Amino acid sequence: MTRLSCLFLSLLLLSGCAGFRGGWESIAYVGDTPPVLSGDRPSRTPPEFELPGLKFSVDIDNRLRTHDYQVMLFFVPVSIDPRNVYTKNVTAGRTRVFVTVVPLKPGFVFRPEQAILQFAGQRHAGVAGYEFGRRDAQGRWIEQGSDWQHWPLPAAYALSEPGRRYRLSIDFAVPVPSPESSDILLDLSGALKSDSQPPLPPIRFMPLRWDEGYT
């Protein structure tokens, strides 16, 4: 086989390589009835909830990949990975919950150590809180000019700018719950609170199977 033929064959194989992976994830919802969703929904952005005084969304770093198949020419299998892998887990042995908040009114205070994560009959209090963003050398929040990081927050952090998007997160000193579980509950009533607004209702999580293709 000539060098040109080998190059052509290599390009053909590369252009025909694809993969298929999937697993389980936890989707947050508010209320007693889980929403009707499917794993092939077009956007994996967590659903946003609007309650008196604020809008927010919640995500948990327990997305589990249970299989990953790579194929050549779109049908010949070349790699099969059947391992269970938590693809989003930030720190092994810990669970991180991401809470994106847009306060619509002033007065909300974020207290991460007051958050409660409950599953498998156990309650776990938050141990640390963070905000994802950029800061300058003096610790002031900036729009550009430095790297994005998860910055540690104090025990009480005022969300003093209505309309601003706060990218917050909470660490719990417990391994991530299985995304196949339907008994995961997050209580933010003491962690995201305003004296002038009603407390946040419990946030539940439903298991959802996901599948996606890639090239």
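Ala, Val, Leu, Ile, Met, Phe, Trp, Tyr, Cys and Pro are counted here as nonpolar. Asp, Glu, Lys and Arg are counted as charged, and the others, Gly among them, as polar. By these classes, the lining of the second largest pocket has four nonpolar, one polar and six charged residues. The model is a predicted one.

The pocket in question holds about 200 Å³ of space. Its lining includes Glu 131, Phe 132, Gly 133 and Arg 134. Trp 141, Ile 142, Glu 143 and Trp 148 also line this pocket. Arg 164, Arg 165 and Arg 167 are among the lining residues as well. Strand 10 and strand 11 each supply at least two residues of the lining. Strand 10 gives the most, with four residues.

The protein chain as a whole contains one helix and 17 strands. Of its 215 residues, 40% count as buried. The accessible surface comes to about 12000 Å². Carbon and sulfur atoms account for 55% of that surface. Among contacts with a separation of 6 or more, 71% link residues 24 or more positions apart.

Strand 10 spans residues 122–135. Several strands pair with strand 10, and the pairings are taken in turn. Strand 9 (residues 116–119) runs antiparallel to strand 10, and four bridges join the two. Within this pairing, Gln 118 stands opposite Arg 123. Strand 9 and strand 10 form a hairpin with two residues between them. Ala 120 lies in the turn and has a positive phi of about 50 degrees. Five bridges join strand 10 to strand 14, again in the antiparallel sense. Here Gly 126 of strand 10 faces Phe 172 of strand 14.

Strand 12 (residues 149–152) is also antiparallel to strand 10, with four bridges between them. Phe 132 has His 150 of strand 12 as its bridge partner. Phe 132 is also one of the residues lining the second largest pocket. Strand 11 (residues 141–142) pairs with strand 10 over two bridges, in the antiparallel sense. In that pairing, Arg 135 stands opposite Trp 141. Trp 141 also belongs to the lining of the second largest pocket.

Strand 7 (residues 95–103) has eight of its nine residues buried. A residue counts as buried when its relative accessible area is under 20%. Strand 7 is therefore largely enclosed by the rest of the structure. Strand 3 (residues 54–60) pairs with strand 7 in the antiparallel sense over seven bridges. Lys 55 has Val 102 of strand 7 as its bridge partner. Strand 14 (residues 166–172) likewise pairs with strand 7 in the antiparallel sense, over seven bridges. Thr 95 stands opposite Phe 172 of strand 14. Phe 172 thus has two facing residues: Thr 95 and, in the pairing with strand 10, Gly 126.

The largest pocket has a volume of about 240 Å³. Its lining comprises 14 residues, of which Ser 57, Phe 98, Thr 100, Arg 167 and Leu 168 are the closest to the centre. Strand 3, strand 7 and strand 14 are the elements that give two or more residues to this lining. Strand 7 pairs with strand 3 and with strand 14. By class, the lining of the largest pocket divides into five nonpolar, five polar and four charged residues. Arg 167 appears in the linings of both the largest pocket and the second largest pocket.

Note on methods. Residues are numbered from 1 along each chain as its sequence is written. This is a predicted model: local features need pLDDT of at least 70, side-chain atom pairs count only at pLDDT 80 or more; totals for chains, interfaces and linings use all residues. Side-chain values use heavy atoms; hydrogens and water are left out. Buried means under 20% relative accessible area, exposed over 50%, partly exposed in between (1.4 Å probe, protein chains only). Two strands pair if DSSP finds at least two bridges between them. Contact means heavy atoms within 4.5 Å. Accessible areas come from the Shrake-Rupley method with a 1.4 Å probe; for residues, only the protein chains shown count as cover. On a 1 Å grid over the protein atoms alone, a cavity is a set of points where a 1.4 Å probe fits but cannot get out, and a pocket is an open set with protein on both sides within 12 Å along at least five of seven lines; lining residues have an atom within 4 Å of a point. Grid points are joined across faces, edges and corners, and a volume is the space filled by probe spheres set on the points.
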